Amino acid sequence: MKSLFFFIFLFGGLLFFAIGTLGILKFPEVYSRAHSSAKCDTLGAILTLISFCIYNGFNLVTVKIVIIIIFIMITSPTATHIITRGYYEKKEDSKNENI
Amino acid sequence: MINFLKFSVIFLSVTVFFCMYRSIKGPTIADRIISINVINTKIITIIIAVSFIYHETYFIDVALVYALIGFTASILISKVIKES
């Protein structure tokens, strides 16, 4: 039972990592690449780390991994949002200067 | 079960190389920082998998510090983009 849940979460996470990497390679512009990288950052990393928690059992190491999961959940969409907003504002400024 | 951990490390390393292609070739600077941010998340996962393969628990602290430093770096570089 434990190994079944381990397989499901691990391969789900690796599938999301593969899909996010494919999107980063093939999508045409910055915003769609940011969308695909957010998939890779949140769902892929969180599912894979949950599978490592199931592999380990309940321990002090599991508590540390849960802290890393909460930190990734907070910071990684924030970083993608700030990068995309910086790019958008820079683009708007250059457009106004041209006019 | 440890063979699946080794497989996940190799798979994530291959996807890191694909992201590195985008970060070298990418037309704008935002593409490069987005792909480097993804590489950062993948390396955190790789460090934790390697810590389970080698049975060394102190690698988890390394992964925690790596996550903190990566977040700070991407925030600072995005501020540099906005002001340039």
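This is a short talk on a predicted model of two helical chains, A and B.

Conventions come before the structure. Residues are numbered from 1 along each chain as its sequence is written, and chains are lettered from A, with ligands numbered from 1, in the order in which they are written. As the model is a prediction, local features need pLDDT of at least 70 and side-chain atom pairs count only at pLDDT 80 or more, while totals for chains, interfaces and linings use all residues.

On confidence, the model scores ipTM 0.88 and pTM 0.90. For chain B the mean pLDDT (the predictor's confidence in each residue, from 0 to 100) is 89, and 100% of the residues reach 70 or more.

Now the chains. Chain A has 3 helices and 0 strands; helices are DSSP runs of H or I with at least four residues, strands are runs of E with at least two, and both are numbered from the N terminus. The order in chain A, from the N terminus on, is α-α-α. Chain B also comes to 3 helices and 0 strands, and its pattern along the sequence is α-α-α.

Chain A is extended against the globule rule. Its radius of gyration is 18 Å, where a compact globule of 99 residues would be near 13 Å. That radius is taken over C-alpha atoms, and the rule is 2.2 Å times the number of residues to the power 0.38. Along the principal axes, the C-alpha atoms of chain A fill a box of roughly 65 × 30 × 10 Å. The corresponding box for chain B is roughly 50 × 25 × 10 Å.

Next, burial. A residue is buried if 20 or more other C-beta atoms lie within 10 Å of its own, exposed if 12 or fewer, and partly exposed in between, with C-beta atoms placed from the backbone. Buried residues are 37% of the 99 in chain A and 33% of the 84 in chain B.

Then contacts, meaning residue pairs whose C-beta atoms, placed from the backbone, lie within 7 Å. Among contacts in chain A with a separation of 6 or more, 61% are between residues 24 or more positions apart. In chain B, 46% of contacts between residues at least 6 apart join residues at least 24 apart.

How many residues of each chain are in contact across the interface? There are 39 from chain A and 35 from chain B. On the chain A side, α1 (2-26), α2 (30-56) and α3 (60-98) each supply at least two residues. The largest share, 17 residues, comes from α3(A). By class, that side has 24 nonpolar, 10 polar and 5 charged residues. Here Ala, Val, Leu, Ile, Met, Phe, Trp, Tyr, Cys and Pro are nonpolar, Asp, Glu, Lys and Arg are charged, and the others, Gly among them, are polar.

The largest nonpolar core has 36 residues, and those with the most contacts inside it are A:L49, A:I68 and B:I48. Such a core is a set of buried Ala, Val, Leu, Ile, Met, Phe, Trp, Tyr and Cys residues joined through C-beta atoms within 7 Å. Two or more residues come from each of α1, α2 and α3 of chain A, and from each of α1 (2-25), α2 (29-54) and α3 (59-83) of chain B. The largest share, 10 residues, belongs to α2(A).

Two residues of chain A show the packing. Beyond its neighbours within four places in sequence, A:I68 is in contact with A:L49, B:I44, B:A63, B:L64 and B:A67. A:I65 lies in helix α3 of chain A. Why does A:I65 count as buried? Because 20 other C-beta atoms lie within 10 Å. Not counting residues up to four places away, A:I65 touches A:L49, A:F52, A:C53, B:I48 and B:I60.

As for α1(A), its 25 residues reach 36 Å from first C-alpha to last, close to the 36 Å expected, where the expected span is 1.5 Å times one less than the number of residues. Its buried residues include A:F9, A:L10, A:G13 and A:L14. The buried residues of α1(A) pack against α2 of chain A together with α1 and α2 of chain B.

Last, a loop residue. B:H55 is found between α2 and α3 of chain B. It is not a glycine, yet its phi is positive, about 60 degrees. B:H55 is exposed, with 8 other C-beta atoms within 10 Å.
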